[in-house]
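Please look at the sequence and the three-dimensional model shown here, and follow the explanation with both of them in view.

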Amino acid sequence: MKIILHVDMDSFFTSVEARNNPELRGKPVVVGAEPKQGLGRGVVSTASYEARKFGVKSAMPISIAYRLCPQATYLPVNMTLYIEASEQVMGRLRAYCERFEQASIDEAYLDISSSAKDYEHAHKIAEDIQKEINTEENLSCSIGIGPNKLIAKIASDTKKPGGITKVSPHEAKEFLQNLPAIKIPGIGPKTNERLQKLGIRTAGELAAQAREVLISEFGKYGAYIHDAAQGKDWEEVEESHEIKSINRNTTFEKDTADIAQLHKKIEEMAEDISESLESEGLTFKTAGVRVRYSNFETHTREKTLKAQSKGPEAITETAKSLLQQFLGQRKIRQIGVRVSSLKPRKAMQRTVSEFLA
Ligand code: TTP
Ligand code: MG
């Protein structure tokens, strides 16, 4: 039996911002273009759930958002921060499944068919995932459970934020019956309008249409939406093989400000990362450290080295020097080390031999 989870983070960009700034928690927050008192151009990337109550949403002009909710805190897009948070989350999710596919910065598919005994067990796994993301990352996510990627994705969106929605194979038909057609991935506002002209509002109504009618109206895409409306999807959860960065994190049993203890962990994690690089045949050019204080405030610092490097020493040295600015009275809950700008070792050899030639 196939069991797929789709995990999607709740209001991802604003939640990461609120994690770093507790004053923003529970308040309307908008990440996107500068509002300039309502005269700003550009759009909203995302709005916190509190801001959504005022009608603010992704892709809306920032000027309209400002009109709807001038009292919100408006923040610029800090992509580096969100990518870093995404990597942490994805790393945790990956550990729960046999096959993993990151679908965007804040969503992923997990194939748990061989580890989950049944849909009840899958629900329990989803609860464990939510708990871990909550306690370890201080972020919230919604999870859909289904017999394929399509149903899992639709399901994860039905009880946001913080929901778990389980749709077993025999529940799929009923689940889709009254679902608005626009909730099917791949059906946007334009198609939805055309469907409405044909008298089709729900996935159930779409599924009941004659396939030929949809194909003559929409071509091949008509066949896709007809299948999708019946919950049919044959796509596998595809592992992505490109590794962009490698990181390790350690949460201390007790929060600490002890330099020796912090250094020791950095050394261990650098060894560990170095082994992973070795086994993947990779070198790195950027190394960094990540510090999370007791209150979850999180800081990262990175340094790009002069050349592609390997071995734990370069990682340890860079991470320790970057750590210095965070040492003091404040206690640290979790420390992390990360390398990026990765290249295959062969490429490094080639550069060296080109250099020598
Ligand atoms: P989504 O998962 O679509 O949205 P979200 O996580 O903010 O909220 P939800 O709880 O409904 O899942 O997108 C993930 C991030 O991608 C989002 O936080 C910001 C970014 N994004 C944009 O920059 N522009 C957009 O139009 C959308 C939809 C998302
Ligand atoms: Mg999301």
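The paragraphs below go from the whole chain to some of its helices, rings and strands.

The model is a predicted one, and its chain has 357 residues, of which 48% are buried. Measured out along the principal axes, the C-alpha trace spans about 70 × 50 × 50 Å. The secondary structure of this chain comes to 14 helices and 13 strands. Among the contacts whose partners have a separation of 6 or more, 63% join residues that lie 24 or more positions apart.

A good place to begin is helix H1, which covers residues 12–20. Of its 9 residues, 8 are buried, so helix H1 is largely enclosed by the rest of the structure. The buried residues of H1 are Phe 12, Phe 13, Thr 14, Ser 15, Val 16, Glu 17, Ala 18 and Arg 19.

Which helix packs against H1, and at what angle? The partner is helix H4, made of residues 79–94, and the two helices pack at an angle of about 95° with their axes 10 Å apart. Because an angle between 65 and 115 degrees counts as roughly perpendicular, H1 is described as roughly perpendicular to H4. On the side of H1, the contact is made by Phe 12, Phe 13, Val 16, Glu 17, Arg 19 and Asn 20, while H4 contributes Met 79, Leu 81, Tyr 82, Ala 85 and Ser 86. Sorted by class, the residues in this contact are 7 nonpolar, 2 polar and 2 charged.

Two of the residues in that contact also bring us to the aromatic rings. A pair of aromatic rings is described by the distance of the centres and the angle of the planes. The structure holds 5 aromatic pairs. In one of them, the rings of Phe 13 and Tyr 82 have their centres 4.1 Å apart and their planes at 15°, and because planes under 30 degrees apart count as stacked, this pair is stacked. Phe 13 belongs to helix H1 and Tyr 82 to helix H4, so that the pair links distant parts of the chain, with the two positions 69 residues apart in numbering. Phe 13 has a relative accessibility of 13% and therefore counts as buried, and Tyr 82, with a relative accessible area of 0%, is buried as well. Ring pairs also draw Phe 12 into the picture, since Phe 12, Phe 13 and Tyr 82 are linked into a cluster.

Another aromatic pair is formed by Phe 218 and Tyr 221, whose ring centres are 6.0 Å apart and whose planes make an angle of 80°, an arrangement that is edge-to-face. Here Phe 218 counts as buried at 11% relative accessibility, whereas Tyr 221 is partly exposed, with a relative accessible area of 26%.

We can now turn from helices and rings to strands. Strands of a sheet pair through backbone hydrogen bonds, either parallel or antiparallel. One open sheet of this model consists of 3 strands in the order S3-S2-S4, and its pairing is mixed. Strand S3 (44–47) and strand S4 (73–75) stand at the edges with a single partner strand each, so one side of each is left without a neighbour in the sheet. On average, neighbouring strands of this sheet are turned by 25° against each other, if direction is ignored. Strand S2, residues 29–32, pairs with S4 in the parallel sense over 3 bridges, and in this pairing Val 29 stands opposite Thr 73 of S4.

Further along the chain lies strand S10, residues 282–293, in which 11 of the 12 residues are buried, so S10 is largely enclosed by the rest of the structure. Which strands pair with S10, and in what sense? Strand S11, residues 298–309, pairs with S10 in the antiparallel sense over 8 bridges, and Val 291 has His 299 of S11 as its bridge partner. The hairpin of S10 and S11 has 4 residues between the strands, and in this hairpin Phe 296 takes a positive phi near 80°. Strand S12, residues 332–340, also pairs with S10 in the antiparallel sense over 8 bridges, with Tyr 293 standing opposite Ile 332 of S12. Strand S13, residues 343–344, is antiparallel to S10 over 2 bridges, where Leu 282 has Pro 344 as its bridge partner.

Key: Residues are numbered from 1 along each chain as its sequence is written. Chains are lettered from A and ligands numbered from 1 in the order in which they are written. This is a predicted model: local features need pLDDT of at least 70, side-chain atom pairs count only at pLDDT 80 or more; totals for chains, interfaces and linings use all residues. Side-chain values use heavy atoms; hydrogens and water are left out. Two strands pair if DSSP finds at least two bridges between them. Axes are lines fitted to C-alpha atoms, for helices over the stretch in contact, and angles run from 0 to 180 degrees between N-to-C directions. Angles under 35 degrees count as roughly parallel, over 145 as roughly antiparallel, 65 to 115 as roughly perpendicular and the rest as oblique. Contact means heavy atoms within 4.5 Å. Ala, Val, Leu, Ile, Met, Phe, Trp, Tyr, Cys and Pro count as nonpolar, Asp, Glu, Lys and Arg as charged, and the others, Gly among them, as polar. Rings of Phe, Tyr and Trp (its six-membered ring) pair if their centres lie within 6.5 Å; planes under 30 degrees apart count as stacked, over 60 as edge-to-face and the rest as tilted. Buried means under 20% relative accessible area, exposed over 50%, partly exposed in between (1.4 Å probe, protein chains only).
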